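User: I am new to reading protein models. Can you take me through one and justify the words you use?

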Amino acid sequence: MAENAPPAEKIESAGRVQEMSINGQDPPTRYCYRDGVGVGSDIPVMEIGVIDVALLASPSTAKLQLQNLRSALSSFGCFMAINHGMSGSFLEEVRSVIKQFFSLPMEEKLKYGKEGESINGYGNDTILSEDQILDWNNRLILVLNPEHQRNLKFWPQNPHKFREILLEYTREMQILTEVILKAMAISLNLEDRSFLDKCGHEASLRARFNFFPPCSRHDLVLGLKPHSDSSVITIVLQDSAVEGLQYLKDNQWFKVPIIPEALLINIGEQAEIMSNGLFKSPIHRVVINPERERSSLGVFYYPDVENYIEPVEGLVDETRPKRYKRVKNYLPIFAQHYQQGKRLIDALKI
């Protein structure tokens with residue numbers, strides 16, 4: 001074993017999915033759904049709303065865009081954002097460094113391996129129980145903002161442009177998040193900072209870089225099990241060529257189309273709570289391609305952990321009473337529910 005190489009058990013826990021895929025191994029039973037995952041060719045493509053972010057700022061076009069935004073978030077709970085301020089070439093640079101990172105030798109990736117209870121780092125599922133079905137993926141999770149919460153120890157220096165590109169992407173995410181949250185509030189006839197103020201000055205952005213290797217039994221495994229997000233909103237940069245993300249509506253799965261220069265904006269459970277149920281946090285999953293790898297980047301916006309999240313006052317009245325209990329520090333409680341296949345938001349309904 002090379003000097004300073006990671007211990008075998010760390011490779012086993014952090015890199016097993018990718019290693020099994022490279023070796024052409026069938027997935028172990030702990031990754032498999034006994035009755036399969038229903039990845040037939042008859043799954044329809046969803047008709048997703050498209051919002052022109054640049055038009056949200058224009059008095060002559062904002063009204064229609066806000067109406068479309070409210071409609072999208074109260075139905076599917078997501079939309080595609082175009083004209084968001086980032087060029088297609090820059091988004092391709094982001095995709096490129098993601099793929100380069102996950103293509104590195106395991107020993108190099110494990111320099112950024114998750115440690116103990118740390119949020120940050122490279123790895124895959126935390127195993128909480130023996131009967132837990134594991135997701136067929138590897139991921140790198142990094143806190144982006146506030147700056148004092150970053151742990152640069154886990155920010156890859158290889159590929160060499162990774163940090164530079166991620167810092168630029170973080171700046172763009174901060175701007176876009178504020179624009180979207182203000183538009184969400186205005187679409188509900190609230191003051192523009194209603195959601196932002198609820199989240200507080202220590203609200204955070206966290207990035208999750210996902211890698212979904214091919215699998216010989218793609219009909220038995222999932223890249224991400226069905227869930228709704230714990231965030232307020234999630235901004236997703238999809239793979240530009242390989243589909244995989246699917247949404248559940250009326251007990252039917254729908255495939256998310258690929259628009260390479262668009263960003264997918266997804267409502268999280270905490271926005272559903274703040275909107276008093278007017279916006280819907282959708283259940284979604286990731287299916288695996290049998291032959292092609294897939295990568296994506298999700299940026300999650302979370303409130304300050306000390307802030308209580310509850311329905312915004314202007315959305316509660318006699319005709320629509322408060323529908324959710326107040327809650328804070330959502331993510332740790334959410335994670336326990338997620339690994340059990342449950343939704344925390346269901347437990348918070350009044």
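The questions below go through the sheet, the helices, the cysteines and a few single residues.

User: What kind of model is this?

Analyst: It is a predicted model.

User: What is the strand order in the open sheet of 8 strands?

Analyst: The order is β1-β2-β10-β7-β12-β5-β4-β3, and the pairing is mixed.

User: What makes β1 and β3 edge strands?

Analyst: Each has a single partner strand, so one side of each has no neighbour in the sheet. β1 covers 50–52 and β3 covers 121–123. From one strand to the next, the twist averages 25°.

User: How do you know that β4 and β5 pair?

Analyst: Two strands count as paired with at least two bridges between them. β4 (residues 138–145) and β5 (residues 204–212) have 7 bridges, so they pair, in the antiparallel sense. Leu 142, for instance, has Ala 207 in β5 as its bridge partner.

User: Which helices pack on these strands?

Analyst: Helix α3 (residues 88–102) packs on the sheet and touches β3, β4, β5, β7 and β12. The direction of α3 makes about 110° with that of β12. Helix α5 (residues 162–187) lies across β2, β4, β5, β7, β10 and β12. Relative to β7, α5 runs at about 135°.

User: Why are α2 and α5 called roughly perpendicular?

Analyst: The term covers angles of 65 to 115 degrees. α2 (residues 62–75) and α5 pack at about 90°, so they are roughly perpendicular. Their axes are 9 Å apart.

User: Which residues make that contact, and of what class?

Analyst: From α2 come Leu 66, Leu 69, Arg 70 and Leu 73. From α5 come Ala 183, Met 184, Ile 186 and Ser 187. By class, the contact has 6 nonpolar, 1 polar and 1 charged residues.

User: How do you know that β8 and β9 pair?

Analyst: The test is again at least two bridges. β8 (residues 245–249) and β9 (residues 252–255) have 4, so they pair, in the antiparallel sense. Lys 249 stands opposite Gln 252. The hairpin has 2 residues between the strands, and Asp 250 takes a positive phi near 55°.

User: How many disulfides are there?

Analyst: A search of the whole structure finds 0.

User: Why is Cys 199 in no disulfide?

Analyst: A disulfide needs two cysteine sulfur atoms within 2.5 Å. For Cys 199, the nearest cysteine sulfur is that of Cys 78, 19 Å away, so the test fails.

User: Why is the sulfur of Cys 215 not bonded to that of Cys 32?

Analyst: The two sulfurs are 7.0 Å apart, too far for a bond. Cys 32 holds the closest cysteine sulfur to that of Cys 215.

User: Why are Cys 199 and Cys 215 called buried?

Analyst: Buried means under 20% relative accessible area. Cys 199 has 0%, so it is buried. Cys 215 has 2%, so it is buried as well.

User: Which residues of α8 are buried, and what covers them?

Analyst: In α8 (residues 330–339), they are Tyr 330, Phe 334, His 337, Tyr 338 and Gln 339. The cover includes β6, α7 and α9. Just after α8, Gly 341 takes a positive phi of about 75°.

User: What makes Leu 188 buried?

Analyst: Its relative accessible area is 6%, under the 20% limit, so Leu 188 is buried. Leu 188 is found in the loop between α5 and α6. Beyond its neighbours within four places in sequence, Leu 188 is in contact with Arg 70, Phe 195, Ser 275, Leu 278, Phe 279 and Leu 315.

Definitions and conventions: Residues numbered from 1 in each chain as written. Predicted model: local features only at pLDDT ≥ 70, side-chain atom pairs only at ≥ 80, totals over all residues. Heavy atoms only, no water. Axes fitted to C-alpha atoms, helices over the stretch in contact; angles between N-to-C directions. Contact = heavy atoms within 4.5 Å. Nonpolar A, V, L, I, M, F, W, Y, C, P; charged D, E, K, R; others polar. Buried < 20%, exposed > 50% of the residue type's maximum accessible area, 1.4 Å probe, protein only.
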